[in-house]
Amino acid sequence: MPSIYDAIREDHNLHRDLLDRIADTSGASEERKSAWDAFYREIKSHSAAEEETFYSKLMQQTWGQDAARHSVHEHAQMDEMLEELREMDFSSTGWLTRFKTLKHDYEHHMEEEEQDVFKRARQVIGEEENDAYGERFLKRKSQEAELIPEKRADALED
């Protein structure tokens, strides 16, 4: 079982790969739709599991509250962009512009988590708890993934 830090980092690596794959597509291609659907499901389940298992623990410490709140706020902002993008026409220039903003913001968020938040979190989630939190995170992520529709409504019509 991976530690909580390894589990989150592995997800982030997958998210970076999916972001790059989406950025390398054009229009309403099947490649873009497929990569987008995978990214959407991944990020939605990841964020919910991260908030419920990782950030909830950090909020138990006064010094961890600001970092956790900041990250949860970023999750909410990204969630708004995800929903916006999910409803937009994949081939519009507006979609690509909004996607580039999401990509930039999310890459910054992942970097901030891995470099800053993880350092502080290790004071709360020590080595003896790493694997248990990793297991909780992965279990919660799997539960969250089951709640997410597989494709956009219009993709179901194709």
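How many helices and how many strands are there in the chain? In this predicted model, the chain holds six helices and zero strands. Read from the N terminus, the order of elements is accordingly α-α-α-α-α-α.

The overall dimensions were examined next. The radius of gyration of the chain is 16 Å, which agrees with the value near 15 Å that a compact globule of 158 residues would have. The C-alpha trace spans about 50 × 25 × 20 Å along its principal axes. Of the contacts in the chain with a separation of 6 or more, 81% are accounted for by residues 24 or more positions apart.

Burial and surface composition were computed for the whole chain. Buried residues amount to 45% of the 158 residues. The accessible surface is about 8,500 Å², and carbon and sulfur atoms contribute 45% of that area. The chain carries 22 positive and 39 negative charges, and the mean positions of these two sets lie 1 Å apart.

In soluble globular proteins, nonpolar side chains tend to be buried together. In the present model, the largest nonpolar core has 19 residues, and the members that touch the most others are Trp36, Phe39, Phe99 and Leu102. Two or more residues of this core come from each of α1 (4-23), α2 (30-58), α3 (62-87) and α4 (93-121). A second core, separate from the largest one, comprises 16 residues, among them Ile4, Ile8, Phe54 and Tyr133.

Two members of the largest core were considered individually. Trp36 belongs to helix α2. With a relative accessible area of 0%, Trp36 falls under the 20% limit and is therefore classed as buried. Beyond its neighbours within four places in sequence, Trp36 contacts Ile22, Leu82, Leu85, Arg86, Phe90, Trp95, Phe99 and Leu102. For Phe39, with residues up to four places away in sequence again left out, the residues touched are His15, Leu18, Leu19, Ile22, Leu82, Leu102 and Tyr106. Ile22, Leu82 and Leu102 thus appear in the contact lists of both Trp36 and Phe39.

Separation in sequence was also set against separation in space for two residue pairs. Trp36 and Ile4 are 32 residues apart in sequence, and their C-alpha atoms are 25 Å apart. Glu127 and Ser3 are 124 residues apart along the chain, with a C-alpha to C-alpha separation of 8.4 Å. Glu127 is located in helix α5, which covers residues 127-145. The relative accessible area of Glu127 is 73%, over the 50% limit, so this residue is classed as exposed.

Note on methods: Residues numbered from 1 in each chain as written. Predicted model: local features only at pLDDT ≥ 70, side-chain atom pairs only at ≥ 80, totals over all residues. Heavy atoms only, no water. Helix = DSSP H or I, 4+ residues; strand = E, 2+ residues; numbered from the N terminus. Rg over C-alpha atoms; globule rule 2.2 N^0.38 Å. Buried < 20%, exposed > 50% of the residue type's maximum accessible area, 1.4 Å probe, protein only. Contact = heavy atoms within 4.5 Å. Areas by Shrake-Rupley, 256 points an atom, 1.4 Å probe, with all protein chains shown as cover. Lys, Arg positive; Asp, Glu negative; His and termini not counted. Charge placed at Lys NZ, Arg CZ, Asp CG, Glu CD. Core = buried A, V, L, I, M, F, W, Y, C linked by side-chain atoms within 4.5 Å.
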